[in-house]
Amino acid sequence: MEYLKKNGDFEKFLKEKAEQYRMHPSEKVWEGIYRSLHRRKRNYTYGWIFLIVITSLLIWRNVSRRESFSHQFAIRLPDQQLHHISLNHFSENRTPGYSTNAVNTKTPVSTDDNIQNSTIVNTDFTRFDITKPRTIISDLSDAVNNPVEESSTEISSSVSTSDTGVQTAEASATFEEFKELPALEQFPQPEGLTASNHYYQLQSQTAHLLEEKMQNPEELHLSKTPTETPRTAFTEENNEQQISEQESLPFIPDRHQESIQVKSVKRAWIWQLYFTPTISYRTLAENSVNAYVTTSASMNAAGIMPYASDVNSMVYHRPDMGFQIGIKSAYVLSEKWNLTGGLQFSVSKYDIKAFQHPDEVATITLRDRNVSTISRFRNTNGIKENWLRNFYFSAGIPIGVEKKFSENKKNFIGMGASLQPTFVIDNRAYLISSDYKNYAEMPSLIRRMNVNSSVEIFTQQQTGKIRWRVGPQVRYQLFSSFLKKYPINEHLFDFGIKMGVQLNK
Amino acid sequence: MTEEAIIKGCIINDATAQRELYNRFCSKMLAVCYRFAQSKEDAEDMLQEGFIKVFSQIHTYEGRGSFEGWIRKIIVHTCINILKRNKKFNDNLDIAFASGVHTREEAVPAIIHAKQIVECIRALPIGYRTVLNLYAIEGYSHKEIAEMLDIEESTSRSQYTRARAMLEEILIRKKIIQKPKKENWLMNVMFR
């Protein structure tokens with residue numbers, strides 16, 4: 001009992017005692033302060049994530065456009081060359097009529113029999129109805145004779161001009177029909193058109209390649225969308241002008257020969273967007289024998305009970321729902337093997353059974369020292385039962401392989417595996433104290449960088465234009481969630497159903 | 001980390017420095033808040049708001065006086081501002097005399113714990129408690145208290161006098177302190 005001699009002693013006594021008093025705030029106070037101070041910084045983080053996603057989508061769009069363009073089966077020739085050939089064939093008998101383009105354009109132009117023999121005009125494969133055993137020649141005749149028909153003609157013979165000023169002659173037919181066409185080599189070479197020698201070489205090569213490829217029709221990737229460009233009409237009035245223009249043609253560079261794309265181009269990249277609802281769980285184990293011995297010694301020195309029994313028998317935890325979302329790119333190595341990479345965000349959650357309790361000190365013994373913190377949760381008994389939700393929000397870069405079990409490109413079953421370097425962006429993990437008495441948060445003991453492994457089996461199907469895949473997936477965290485100095489290892493499991501959509505066709 | 005490094009880190013919004021500063025002062029400052037607050041949750045709210053002010057105004061600290069004193073001043077002002085938002089607090093400030101503070105006679109341990117003293121202070125009505133905290137513990141003058149609480153200086157004095165008497169009574173009843181013995185003037189004259 002304090003004895004206060006004078007009046008002034010009372011204030012001194014109060015101040016002294018009040019200053020001695022200490023209280024420990026809960027972690028949520030700091031979390032609130034941190035959130036308030038670093039709100040702008042966090043927004044930047046989300047901004048970066050948004051930027052990455054947008055960039056990925058743009059890359060995908062560009063890649064898919066390039067692929068669809070390369071799939072066109074087309075013979076690309078310079079504008080002037082086509083004019084040369086056409087004019088050469090028209091030179092003998094020019095009568096007013098309709099060009100083969102007249103099917104669509106209804107433009108009156110010169111016509112003669114050579115039009116039918118000329119295979120330099122476009123023939124769109126995709127419009128050709130193979131159920132009707134008609135030859136190109138007869139169809140072309142129909143087209144010439146019935147210029148007003150707009151959509152009935154399956155064959156469109158067209159010379160289209162692309163934006164780049166290169167005319168595209170697209171030819172299409174089955175192999176049998178193709179053989180009915182006159183041999184390109186037999187075309188008379190136009191006189192005085194030295195620049196077009198390349199074109200005739202081109203034609204010969206094309207014809208041979210076409211013959212070869214037609215024997216294996218599956219290799220031909222035919223365009224479903226013919227080039228929507230204005231068509232060139234050869235009118236009697238402008239023929240003379242065109243001839244004079246063509247006589248001053250520049251030499252055709254060799255690169256135009258490279259524009260013949262007859263072979264099938266395999267898809268180099270496949271982009272997928274996926275979402276995986278998961279159930280997360282964890283396994284616990286002692287770190288190692290050495291760690292245990294060291295830990296026990298230091299704990300005894302500190303007067304704390306060592307981890308005397310199996311940690312799994314001392315804690316009660318249950319799985320919880322999480323999810324993964326990401327974008328994946330697959331590089332086609334062969335018909336059955338793909339190399340995959342991407343970006344994935346994961347949320348893994350599980351719950352620990354605990355009891356609320358007034359604040360008390362919880363000590364966690366590390367290899368080299370003890371750390372203490374204030375805990376409000378007990379493991380076994382307390383005021384009120386509670387489930388502590390633990391979660392890890394992480395970003396990963398899954399790199400792996402996929403194998404298809406079928407040669408069917410649209411519908412197949414496959415298997416994939418990946419390794420995922422992972423960075424923990426945010427977490428709330430409760431660690432058990434050394435005496436198994438309390439749970440406490442110790443963010444400094446959480447491992448930020450980790451590696452996960454993943455195995456999945458999936459089936460890919462095509463429904464309409466959408467290629468989607470679904471299948472079970474297991475993900476396992478290879479390193480402990482905690483740093484090595486914490487004597488308990490925690491490994492996370494995620495079981496989920498992965499659902500993905502292929503972004504490019 | 002030195003105090004100077006922490007301050008510099010906090011000025012550039014470095015989370016590590018902020019955490020270090022928080023760790024150093026949070027327990028002491030929570031005790032300050034607790035003396036003003038109704039509950040621990042309220043005290044934590046006060047602490048949170050106070051520290052946010054500390055971090056956002058740390059660039060104004062010019063190094064005059066102790067850094068802890070500067071933080072404490074912000075925390076106390078935050079507590080007062082929060083209390084002033086509370087209607088109950090404002091009503092209590094006008095009470096001339098609060099009666100009915102009942103404490104039980106309890107067995108008091110030989111060692112006086114600071115916690116017991118603080119709890120006794122918290123047993124006072126909120127108006128008394130605030131004035132007592134500000135005057136006796138935080139060291140503000142009655143004039144300053146009057147300005148902070150928007151009351152008359154005389155009211156602050158009277159509140160304090162009553163608060164002190166009440167607290168003494170509680171402490172004596174709890175056998176934490178003894179009453180000062182009355183000096184015998186005759187004995188003093190005779191034996192001086």
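Start in chain B. Select B:Q18, B:Y22, B:C26, B:M29, B:L30, B:C33, B:Y34 and B:F36 in helix 2 of chain B; they meet B:K40, B:A43, B:E44, B:M46, B:L47, B:G50, B:F51 and B:F55 in helix 3 of chain B. By class, this contact of helix 2 with helix 3 of chain B holds 12 nonpolar, two polar and two charged residues. Bear in mind that you are looking at a predicted model.

Now show the two helices as cartoons. The axes of helix 2 of chain B and helix 3 of chain B come within 9 Å and cross at roughly 135 degrees. Angles over 145 degrees would count as roughly antiparallel; at roughly 135 degrees, helix 2 of chain B is therefore oblique to helix 3 of chain B. The crossing of helix 2 and helix 3 of chain B is right-handed.

**Next stop: helix 3 against helix 4**

Keep helix 3 of chain B, residues 40-56, and add helix 4 of chain B, residues 67-85. Their axes come within 9 Å, with a crossing angle of roughly 130 degrees. That angle makes helix 3 of chain B oblique to helix 4 of chain B. Here too, look for the hand: helix 3 and helix 4 of chain B cross in the right-handed sense.

For the side chains, pick B:M46, B:E49, B:G50, B:K53 and B:V54 on helix 3 of chain B. Across from them, on helix 4 of chain B, are B:I71, B:I74, B:I75, B:T78, B:C79 and B:I82. Colour this contact by class and you get seven nonpolar, two polar and two charged residues. B:M46 and B:G50 are worth labelling: they are among the helix 3 residues that meet helix 2 of chain B, and they are also among those that meet helix 4 of chain B.

**Next stop: where the chains touch**

Bring chain A into view. On the chain B side, 31 residues are in contact with 27 residues of chain A. Which elements of chain B give two or more residues to this side? Select helix 2 (15-36), helix 3, helix 6 (114-122), helix 7 (126-137), helix 9 (153-173) and strand 1 (177-178) of chain B. Helix 2 of chain B gives the most, with 10 residues. The side of chain B that touches chain A has 19 nonpolar, five polar and seven charged residues. For the complex, the predictor gives an ipTM of 0.81 and a pTM of 0.39.

**Next stop: strands in chain A**

Select strand 7 (residues 269-286) and strand 8 (residues 317-332) of chain A. They pair in the antiparallel sense over 12 bridges. To find the register, label A:I270; opposite stands A:A330 in strand 8 of chain A.

Then add strand 9 of chain A, residues 337-365. Strands 8 and 9 of chain A run antiparallel, joined by 13 bridges. Label A:I327 and its bridge partner in strand 9 of chain A, A:L343. Strand 8 and strand 9 of chain A form a hairpin, with four residues between them.

**Last stop: colour by pLDDT**

Chain B has a mean pLDDT of 81, and 79% of its residues reach 70 or more. Among the elements of chain B, helix 3 has the highest mean pLDDT (91), and helix 5 (residues 87-93) the lowest (61). Over residues 95-111 of chain B, pLDDT is below 50.

In chain A, the mean pLDDT is 68, and 52% of residues reach 70 or more. Over residues 147-187 of chain A, pLDDT is below 50. It also stays under 50 over residues 289-308 of chain A. Where pLDDT is low, do not read the predicted coordinates in detail.

Conventions. Residues numbered from 1 in each chain as written. Chains lettered and ligands numbered in written order. Predicted model: local features only at pLDDT ≥ 70, side-chain atom pairs only at ≥ 80, totals over all residues. Axes fitted to C-alpha atoms, helices over the stretch in contact; angles between N-to-C directions. Parallel < 35°, antiparallel > 145°, perpendicular 65-115°, else oblique. Left-handed = near helix turned anticlockwise from the far one by under 90°. Contact = placed C-beta atoms within 7 Å. Nonpolar A, V, L, I, M, F, W, Y, C, P; charged D, E, K, R; others polar. pLDDT = per-residue confidence, 0-100. Pairing = 2+ DSSP bridges.
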